[in-house]
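Got a model open and wondering what its side chains are up to? Let's go through it in a few questions and answers.

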Amino acid sequence: MRRLQPLFNLSLLLRNSHNISSSFTTLPPLQYSISHNHPARSVISYFLRSFSTIPASSEAYEVGFVGGHRAHRYKSADEEEEVVRYVPVKAYFLSTSIDLKSLQVENACDVIPPSSRSLNYIALRYSDFPPEIMDIGFKEHRDHRYSYRYVVVFQYGSAVLFNIADHEAEQYLDIVRKHASGLLSEMRKDDYAVVEKPSLPTWMQGGLDYIVLKSLDIDGIRIIGSVLGQSIALDHYIRQVDDMVEEFTDINRVMEKTGNFDMKRKKLFQLVGKANSNLADVIIRLGLFDRSEIAWKNANYAQILEYLREEYELNQRFGSLDFKLKFVEHNIHFLQEVLQNRRSDLLEWGVIILLTIEIAISMYEIVKDTNIIPS
């Protein structure tokens, strides 16, 4: 009986291992041999090897560049591939005036036809593709259309570049400089970004120094470029007004200590002209409060416009500029009155001196006539 006990235990083990194997239908039938010493260990190791080959389900993620954009491709089992594109935007203020007519004539093949009656800017589009490829509709491909570079140039001196890297910016700015007058010694720059995400649940979504859109087209480029161009130009005029405020602050400090100031009348008139021209440029040339026809016709673009104006605080910054200009204007009026009083005092002293001389001459003549008459 003791000799039959090992055989009985082996049969039970084989029966249990057969039950384990039959519960996993994906596994093939196992081959056993009476001479095998550890059939249960073989079943467990086979099961572990089979389980380790099951792939883990995960979302595929790919990062690459599409036509100069940094693109993130997201894939899942149930969704189609989505490309989220990053478009760098750079705004420059390089001069006080740009001749748009000559710029348009020289770059006629790159000018995008305007969609509104606005005459203070033009939009240029550049591509890496040769003309013969673009003529057959190759530019409409969903990936290759993002190889375009866009430059929006404004008459008051701003240029906004879309999808252009830092090392490429100068060659596009040189195109604008040829038609610019009053080039600034220190060019101002601001960076921004647009993220295009087709799966965005809303039309747009704001972020820190970037905006997310469902789709970026030429009208969106015009709207974004207009706000960035106004903002960077407004920075220049605010800097000029700040310089005038500092100058008048120094004059007031000298007057506080000495009770006098030594500004010449010509210098004061120059400050008057500078303050007036700055205010006129901000209101008239920048078109800070002009209505956008693109935003007027489409609520989506109006939403972008309002968001960017609020993001860049254009109204608040103009209010601060206007307040500073009123301070400058108040000081100008005060100094004008002081100079006018000085001039009036000088005239009064001149009249007094002339009257004194006239009286002295009259007295001399009287005395002389008296001495001539005989006694």
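A quick definition to start: buried means under 20% relative accessible area, exposed means over 50%, and partly exposed is what falls in between. Keep in mind that this is a predicted model.

Q: Is D235 buried, partly exposed or exposed?
A: The relative accessibility of D235 comes out at 24%. Buried needs under 20% and exposed needs over 50%. So D235 counts as partly exposed.

Q: Which residue forms a salt bridge with D235?
A: Side chains of opposite charge can pair when their charged atoms come close. Here the closest N and O atoms are 2.5 Å apart. The partner sits in helix 10 while D235 is in helix 6, so the pair ties together parts 82 residues apart in sequence. The partner of D235 is R317.

Q: Is R317 buried or exposed?
A: R317 has a relative accessible area of 15%. The cut-off for buried is under 20%, so R317 is buried.

Q: About how many helical turns separate R177 and D174?
A: The side chains of R177 and D174 meet in a salt bridge, at 2.7 Å from N to O. Both belong to helix 5 (residues 166–177), where they are three residues apart. That makes the separation about one helical turn.

Q: Which residue forms a salt bridge with D322?
A: The closest N and O atoms of this pair are 3.6 Å apart. The two residues are four apart in helix 10, which means about one helical turn between them. D322 itself is partly exposed, at 24% relative accessibility. Its partner is K326.

Q: Which residues are joined into one network by salt bridges that share partners?
A: A search of the whole structure finds 12 salt bridges. Some of them share partners, and the network they make joins K90, D166, K189 and D191.

Q: Which residue's backbone oxygen lies 2.6 Å from a polar side-chain atom of S226?
A: S226 is part of helix 6 (residues 218–258). At 17% relative accessibility, S226 counts as buried. The backbone oxygen at 2.6 Å belongs to I223.

Q: What is the area of the nonpolar surface patch that includes L354?
A: L354 is in helix 10 (residues 314–372) and counts as exposed, at 59% relative accessibility. It shares the patch with W349, I352, I353, I357 and I361. The patch covers about 630 Å².

Q: What charge does the surface patch containing E310 carry?
A: E310 is found in helix 9 (residues 299–311). It gathers with D209, E306, E311 and E313 on the surface, and the charge of that patch is negative.

Notes. Residues numbered from 1 in each chain as written. Predicted model: local features only at pLDDT ≥ 70, side-chain atom pairs only at ≥ 80, totals over all residues. Heavy atoms only, no water. Patch = residues over 30% accessible without salt bridge, like charges linked within 9 Å, V, L, I, M, F, W, Y side chains within 5 Å. Areas by Shrake-Rupley, 256 points an atom, 1.4 Å probe, with all protein chains shown as cover. Salt bridge = Lys/Arg side-chain N within 4 Å of Asp/Glu carboxyl O. Lys, Arg positive; Asp, Glu negative; His and termini not counted. Charge placed at Lys NZ, Arg CZ, Asp CG, Glu CD. Buried < 20%, exposed > 50% of the residue type's maximum accessible area, 1.4 Å probe, protein only. Polar contact = N/O pair within 3.5 Å; in protein donor to acceptor, adjacent residues only side chain to side chain.
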